[in-house]
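Reader: Please pick one residue in this model and look at it closely. Then work outwards to other parts, step by step.

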Amino acid sequence: MKFSSFLDYRALAAGIIVLAGGAALAASPGPVPAASAPPIPAPEDKPFPGTIQLSIDATDIDRKIVRVHEVIPAGAGDLTLLYPKWLPGTHAPEGAIDRFAGLTVTANGQKVAWVRDPVDVYAFHLTVPAGASRLDVNFQYLSPVGDDFGDAEMTSNMLVLEPIRLALYPAGYFARQIMVSLDIVIPPGWQFGTALDGGSGAGGYIMFKPTTFETLADSPIFAGRYFSRMSLDPDGPAPVHLDLVGDRESQLKIAPEELAAHKALISQAYKLFGSHHYDHYDFLVSLSDTVPLGGLEHHRSSEDNTYSDYLTDAARSLSDKDLLPHEYVHSWNGKFRRPADLWTPNYDVPMRDSLLWVYEGQTEYWGKVLTARAGLRSKQQELDDLAYLVATYDNLPGRSWRPLQDTTSDEIINPRRPLSWRSWQRFEDYYDEGALIWLDADTLIREMSKGARSLDDFAKSFFGIDDGSFVPVTYTFDDLVKALNAVQPYDWATFLRTRLEPSGGKAPLDGLKRGGYRLVYGDAENDIVKSLDGERKRTTFTWSLGFVAANKDGEIKSVLWDSPGFKAGLTAGNQIVAVNGIPYDPDVVKEAIKASAGSKDPIELIVKTTDRYKVVHLDYHGGLRYPHLERDPEVKAASLDAILTAK
Ligand SMILES: [Zn+2]
């Protein structure tokens, strides 16, 4: 039998439980669980009475303290206020409760006591006194003051603000049923971009039109000393803007061909999806060496934190040119069409991530395809990117024990902290391995339909419904299979499950072969590896010695499981001091690899570990190896060429 959660512990404590069938079960001696924590009202689909006034002061850029004042309509009685815990787009409980401080609550000028829920530390219980009609709530959001404290959001030149981290909201209501009126103060003279409507004011004070908590939570605000905003689609069905904030004014300059490629992204996306799911859209782009790289999708905007020279140094920023396409695709895939188990009525109900290989995997696929179609990267550069991706999964030992489906929990298991053995543990592989599944599906549809149909048709039918609407439409695995079948009849359920569920074997590379290409290794880095290594000041030897090392001091950044480096006992964090007796330099490693290809002698490294120096020998003779794609002459028509060509 299985104990039910309805089992009455008090009866258990009394010593006896009578089961439905009449049999008695004696309780064991020892402690029993404490009484449950007070209940937190579950969200209901009913209007919250009144409008919350949310006032944010974001002018303290020196100390990076954001001051929040909220006026929350409330009648006498018990109330639970929630700080958002499950943040859309992070797919995990990454709400920054550790940065939440200084909470005081008053009603009618009198202090109101609050108590944090003992189980859910994001919930605060309080009792609104008789005669009160509103609560005044004050707290601070302590934005990270340095790299050791988290990702920078406030610098002396820019603000990257997410209102979802800057508000408490009442438990008991769907987020879309709570109205909020926001005003914000930013440093005087700074300009801002956001998808929030009606922002107006002067001297740094901005008031927005009241909106739902759902829309507010989905609408970041980027502000900066150096700011520029340009239209990407002046004649389109809805305004689309590129909003840039930079560390320096000179970084905001956009060359005509760069602007043309960003404009083409919009037109190519419309050709792909045949729809849009916003009334206006803003790419909020920070060009910074301080705010770390990364993106976050929203319905009518995206946060795109990229290199300071994203617009001014094409070679350096090459590896990040698919960032904006990826986040833009999410407006269709992720925000509008959303997995049924991922959608939640508010931000404290747990999200379930089982379909992230669609949400992120297919977004990654279309992001890369649109990057090429828009001309943000050339076809050859996109092939280089794909070579890097394919080579990663062709050499991923973690596939031997862990199915791709299981990795969909990775954001919850590990919110992007470094992993000692990433290639063995696996890490959010639903992005890139997910993309390979969709390449596989795309080329298969093209083959079966003799070129008449493709995954583009699926994109149009699945994401293109309700043109103009941005009310999310949820879907299940079965809905997905049905939609694929409508494009091309096939056993898509088995196709998907055989790629998601088993572990072991090689990554799904059929799409590459069907697309007319094959993976080969050469002794020169391709452009994407060059760009990634250049930006991160490191050199990749993953496909030869099995590690990546920092250029300056030889610190090993990662070691591939089961590689020659692994077998020699190397780990991330070791520092290479010398190579065959010569002081470390990445070029010295390259020379040693080349020399070892024609010799039987191992490569000797002197390595500094956390507490000692040691000499290790790498018995490797395969030469330098970097991934490239080359045309497979056995396949006549390369459908991958068609996939990457502008429509
Ligand atoms: Zn994404």
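**A close look at Asp-456**

Author: Asp-456 is buried, because its relative accessible area is 5% and the cut-off for buried is under 20%. Keep in mind that this is a predicted model. The mean pLDDT of the chain is 94. A pLDDT of 70 or more is reached by 96% of the residues. One stretch needs care: over residues 1-20, pLDDT stays under 50. For that stretch the model has 19 contacts beyond four places in sequence.

Back to Asp-456. Where does Asp-456 sit? Its place is helix α12, which covers residues 455-463. Now leave out residues up to four places away in sequence. Asp-456 then touches Leu-272, Trp-366, Arg-373, Arg-446 and Lys-647. Arg-514 is another residue to check. It lies 58 residues from Asp-456 along the chain, and their C-alpha atoms are separated by 17 Å.

Next, compare three other residues. Start with Pro-84. This proline is in the loop between β5 and β6 (100-107). Pro-84 counts as buried, because its relative accessibility is 1% and buried means under 20%. Its contacts, apart from neighbours within four places in sequence, are Gly-95, Tyr-122, Ile-164, Ala-167, Tyr-169, Phe-213, Tyr-347 and Asp-348. Tyr-169 also gives a distance to check. Pro-84 and Tyr-169 are 85 residues apart along the chain, while their C-alpha atoms are separated by 8.0 Å.

Gly-77 belongs to strand β5, residues 77-82. Is Gly-77 buried or partly exposed? With a relative accessible area of 24%, Gly-77 is partly exposed. Its contacts beyond four places in sequence are Leu-126, Thr-127 and Val-128. The C-alpha atoms of Gly-77 and Ala-130 are 7.5 Å apart, with their places 53 residues apart along the chain.

Ser-228 is in strand β18, which runs over residues 227-231. Ser-228 has a relative accessible area of 19%. It therefore counts as buried, since the limit is under 20%. Not counting residues up to four places away, Ser-228 touches Leu-242, Asp-243, Leu-244 and Leu-252.

Now the metal site. Which residues coordinate the zinc ion? The donors are His-326 (NE2), His-330 (NE2) and Glu-360 (OE), at 2.0 to 2.1 Å. Along the chain their spacing reads H-x3-H-x29-E. His-326 is in helix α5 (residues 323-329), whereas Glu-360 is in the loop between α6 (356-359) and α7, so this pair ties together parts that are 34 residues apart in sequence. Both His-326 and Glu-360 are buried.

On to the empty spaces. How many cavities of 30 Å³ or more are there? The count comes to 2. The largest cavity holds about 150 Å³ of space. It is lined by 15 residues, and the closest to its centre are Tyr-365, Lys-368, Val-369, Leu-386 and Leu-644. Four elements give two or more residues to this lining: α7 (361-374), α8 (379-394), α11 (432-448) and α19 (639-643). By class, the lining has 10 nonpolar and 5 charged residues, and no polar ones.

The second largest cavity has a volume of about 80 Å³. Its lining includes Leu-87, Pro-88, Glu-162, Pro-163 and Ile-164. You have met Ile-164 already, as a contact of Pro-84. Also in the lining are Ala-217, Asp-218, Pro-220, Leu-296, His-298, Glu-303 and Lys-335. These residues divide into 7 nonpolar, 1 polar and 4 charged.

Last, a pocket. The second largest pocket contains about 560 Å³ of space. Among its 30 lining residues, Glu-214, His-299, Arg-338, Phe-470 and Pro-472 are the closest to the centre. Two elements give two or more residues to this lining, β16 (211-212) and α2 (213-217). Helix α2 gives the largest share, 3 residues. The classes here are 13 nonpolar, 10 polar and 7 charged.

Terms used: Residues are numbered from 1 along each chain as its sequence is written. This is a predicted model: local features need pLDDT of at least 70, side-chain atom pairs count only at pLDDT 80 or more; totals for chains, interfaces and linings use all residues. Side-chain values use heavy atoms; hydrogens and water are left out. On a 1 Å grid over the protein atoms alone, a cavity is a set of points where a 1.4 Å probe fits but cannot get out, and a pocket is an open set with protein on both sides within 12 Å along at least five of seven lines; lining residues have an atom within 4 Å of a point. Grid points are joined across faces, edges and corners, and a volume is the space filled by probe spheres set on the points. Ala, Val, Leu, Ile, Met, Phe, Trp, Tyr, Cys and Pro count as nonpolar, Asp, Glu, Lys and Arg as charged, and the others, Gly among them, as polar. Donors are N, O and S atoms within 2.8 Å of the metal (3.2 Å for Na, K and Ca); water is not among the atoms, so sites may look incomplete. Buried means under 20% relative accessible area, exposed over 50%, partly exposed in between (1.4 Å probe, protein chains only). pLDDT is the predictor's confidence in each residue, from 0 to 100. Contact means heavy atoms within 4.5 Å.
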